[in-house]
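Work through the following exercises with the sequence and the model open side by side. Each task is followed by a solution that proceeds step by step.

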Amino acid sequence: MYITKPNKEFPSDFLWGSASAAYQVEGAWDEDGKGRSVWDEFVRIPGKTFKATTGDKAVDHYHRMEEDVRLMKEMGLKTYRFSIAWTRIFPDGNGEVNEEGVAFYNRLIDELINNDITPMITVYHWDLPQALENEYGGWESRHIVDDFVHYAKTLFERFGDRVKHWIVLNEQNVFTAHGWLMATHPPGKVNDRKTFYQVNHHAFMAHAKSVIALKSLWSDAMVGSSFAFGPSYAKSDKPEDAMAKMDYDDLQSYYWMDVYGYGRYPRAALAQLRSEGVAPVFEEGDEEILKEAAQLVDFMGVNYYQTCVAEYNPIDGVGMTNTMNTTGKKGTSTVQGVPGLYKNPQNEHLPTTDWDWTIDPEGLRFACRDITSRYDLPIVISENGLGAFDKLEEGKVHDPYRIDYLKRHLIELKKAIDEGCRVLAYCTWSFTDLLSWLNGYQKRYGFVYVDREEDENEGTLNRIPKDSYYWYKYTIETNGAEL
Ligand code: BG6
């Protein structure tokens with residue numbers, strides 16, 4: 001569209017935000033009654049993470065929470081999205097509540113509210129209690145749904161009086177693909193498509209039942225799950241590439257978003273999965289529950305980092321077990337795809353980061369427009385940001401590349417808003433530097449530099465605002481009028 005009179009500013013109640021996840025920032029991995037999560041175990045398997053980095057200490061947010069919130073306040077942040085560590089609330093996944101864990105999050109929530117920052121909670125950002133993995137195989141068992149909903153309800157009951165923005169699941173598509181297809185997240189399975197789709201069905205049921213539970217407790221709460229949306233462009237005008245795009249969209253995007261937004265799977269995707277014998281098994285009543293939850297969802301959560309290209313992939317073509325670039329050496333990742341359907345080559349028109357992620361600000365607008373056309377739902381951009389090598393020089397971090405990245409994404413987001421998309425919030429990834437699951441501490445995303453390296457014993461953990469911190473502060477002050 002070409003809007004002739006765009007608004008100068010973002011909407012007056014726009015939530016300028018930033019995000020994090022418990023495992024990536026908190027540290028204190030075995031303190032105050034916390035149980036072990038699958039990530040506490042997985043990082044200890046040799047070869048799984050970059051230079052064997054762990055979140056044992058992370059950036060020590062657990063002990064420096066007040067300082068971090070003070071920095072948010074000074075920046076003028078309107079919302080902070082963070083996740084709760086399930087193992088702090090229920091060390092073994094179910095059973096008795098660990099009150100010390102609840103107390104930590106109460107302090108964080110109160111600190112945010114006292115500083116005029118709206119808390120936005122992610123219920124699940126991948127750190128499943130290891131006890132549930134041991135007990136019944138975690139997400140692979142239908143038992144997980146009840147334990148998840150019990151955990152989620154506990155959060156709603158304890159924090160719902162003050163927290164009105166909830167994200168149930170973070171990137172269900174990512175943690176399941178890495179966990180059951182690529183072996184790069186726990187439980188480290190390779191190409192187990194049947195389990196992958198069943199696990200996803202359990203996660204959808206956990207999402208749906210949590211949404212219903214939240215709304216029955218707090219009808220004024222706003223809820224959705226966050227999807228890692230990588231919109232696709234067809235490689236060429238060949239019909240086979242257009243069909244590859246459609247297959248990609250149905251199997252890689254709408255498979256998740258249609259369940260959140262409509263309460264049903266895309267028909268073509270299900271037909272494909274049935275023909276392969278890998279379609280998920282439903283229990284009686286599941287269809288109705290998914291539909292009911294889709295009616296209650298308030299927004300589509302979107303983590304946007306990049307778009308991709310969809311190209312026809314012959315039956316003897318590439319599969320999902322690709323080589324990922326976890327070192328920051330450009331050009332070391334390889335193409336992945338599904339034989340007979342699609343593959344995702346690099347977009348030759350777009351630049352990439354040092355970790356080979358495509359940089360495409362217009363893709364953010366595309367994502368918002370697609371969601372708006374398809375679901376007509378409001379949108380929360382729950383993550384967007386640039387992972388880069390930052391250097392601390394004479395007490396300062398100059399990161400013009402991050403400012404440029406965020407600015408260009410915001411310009412496109414603003415266009416999407418002018419075009420009618422209802423975008424409620426924009427959270428950058430991330431507020432402070434933090435642990436990148438597979439890429440260690442050298443891949444930095446924050447507005448605030450944290451002095452630490454891969455080695456646990458190196459660095460003071462001091463916080464140093466980067467240039468981008470001051471740029472975002474000004475952007476918030478001017479409500480995005482001077483991008
Ligand atoms: C998202 C996750 O996938 O992207 C975050 O929700 C993650 O937890 C972020 O850190 C960036 O990914 P990475 O691999 O660069 O850390």
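**Exercise 1: a helix pair and its handedness**

The crossing of α13 and α14 is right-handed. The model examined here, and in every exercise below, is a predicted one.

Task: determine how the axes of α13 and α14 are related, and state which residues make the contact.

Solution. Begin with the geometry: the axes of α13, which covers residues 361-375, and α14, which covers residues 400-418, come within 7 Å and cross at roughly 25 degrees. Next, apply the cut-off, by which angles under 35 degrees count as roughly parallel; α13 and α14 are therefore roughly parallel to each other. Then list the partners: from α13 come Pro361, Glu362, Leu364, Arg365 and Cys368, and these meet Arg408, His409, Glu412, Leu413, Lys415 and Ala416 of α14. Sorted by class, the contact of α13 with α14 holds five nonpolar, one polar and five charged residues.

**Exercise 2: a second pair**

Task: carry out the analysis for α9 and α10, ending with the classes of the residues in contact.

Solution. The axes of α9 and α10 (residues 239-261) lie 10 Å apart, and the two helices pack at an angle of about 30 degrees. α9 and α10 are therefore roughly parallel to each other, and α9 passes α10 in a right-handed crossing. On the α9 side the contact is made by Phe196, Tyr197, Asn200, Phe204 and His207, which meet Leu251, Tyr255, Trp256, Val259 and Tyr260 in α10. By class, the residues of the contact of α9 with α10 comprise eight nonpolar, two polar and no charged.

**Exercise 3: a third pair**

Task: decide whether α3 is roughly parallel or oblique to α15.

Solution. α3 and α15 (residues 467-477) pack with their axes 9 Å apart, at an angle of about 50 degrees. That angle makes α3 oblique to α15. In the contact itself, Leu71, Glu74 and Met75 of α3 meet Tyr469, Tyr472, Lys473 and Ile476 of α15, and the residues divide into five nonpolar, no polar and two charged.

**Exercise 4: the ligand surroundings**

Task: find how many residues surround the ligand, and then examine side-chain atoms of histidine 125, asparagine 439 and lysine 443 beside oxygen atoms of the ligand.

Solution. The ligand is surrounded by 15 residues, of which the closest are Gln24, Glu171, Ser436, Lys443 and Tyr445. For lysine 443, a polar side-chain atom lies 2.6 Å from an oxygen atom of the ligand. For histidine 125, the distance from a polar side-chain atom to a ligand oxygen atom is 2.9 Å. For asparagine 439, an N or O atom in the side chain is 3.1 Å from an oxygen atom of the ligand.

**Exercise 5: backbone details in loops**

Task: locate the cis peptide bonds at proline 187 and serine 430, and place the positive phi of aspartate 60.

Solution. The peptide bond from proline 186 to proline 187 is cis, with omega near 5 degrees, and proline 187 sits in the loop between α8 (172-180) and α9 (193-217). Tryptophan 429 and serine 430 are likewise joined by a cis peptide bond, for which omega is about 15 degrees; serine 430 belongs to the loop between β12 (423-429) and β13 (448-450). Finally, aspartate 60, a residue other than glycine, has a positive phi near 60 degrees, and aspartate 60 lies in the loop between α2 (38-42) and α3 (61-75).

Technical notes:
Residues are numbered from 1 along each chain as its sequence is written. This is a predicted model: local features need pLDDT of at least 70, side-chain atom pairs count only at pLDDT 80 or more; totals for chains, interfaces and linings use all residues. Side-chain values use heavy atoms; hydrogens and water are left out. Axes are lines fitted to C-alpha atoms, for helices over the stretch in contact, and angles run from 0 to 180 degrees between N-to-C directions. Helices (H or I, at least four residues) and strands (E, at least two) are DSSP runs, numbered from the N terminus. Angles under 35 degrees count as roughly parallel, over 145 as roughly antiparallel, 65 to 115 as roughly perpendicular and the rest as oblique. A crossing is left-handed if the near helix is turned anticlockwise from the far one by less than a right angle, and right-handed if clockwise. Contact means heavy atoms within 4.5 Å. Ala, Val, Leu, Ile, Met, Phe, Trp, Tyr, Cys and Pro count as nonpolar, Asp, Glu, Lys and Arg as charged, and the others, Gly among them, as polar. A residue is near a molecule or strand if one of its heavy atoms lies within 4 Å of it. A polar contact is a pair of N or O atoms within 3.5 Å; within protein, one must be able to donate a hydrogen and the other to accept it, and residues adjacent in sequence count only if both atoms are side-chain atoms.
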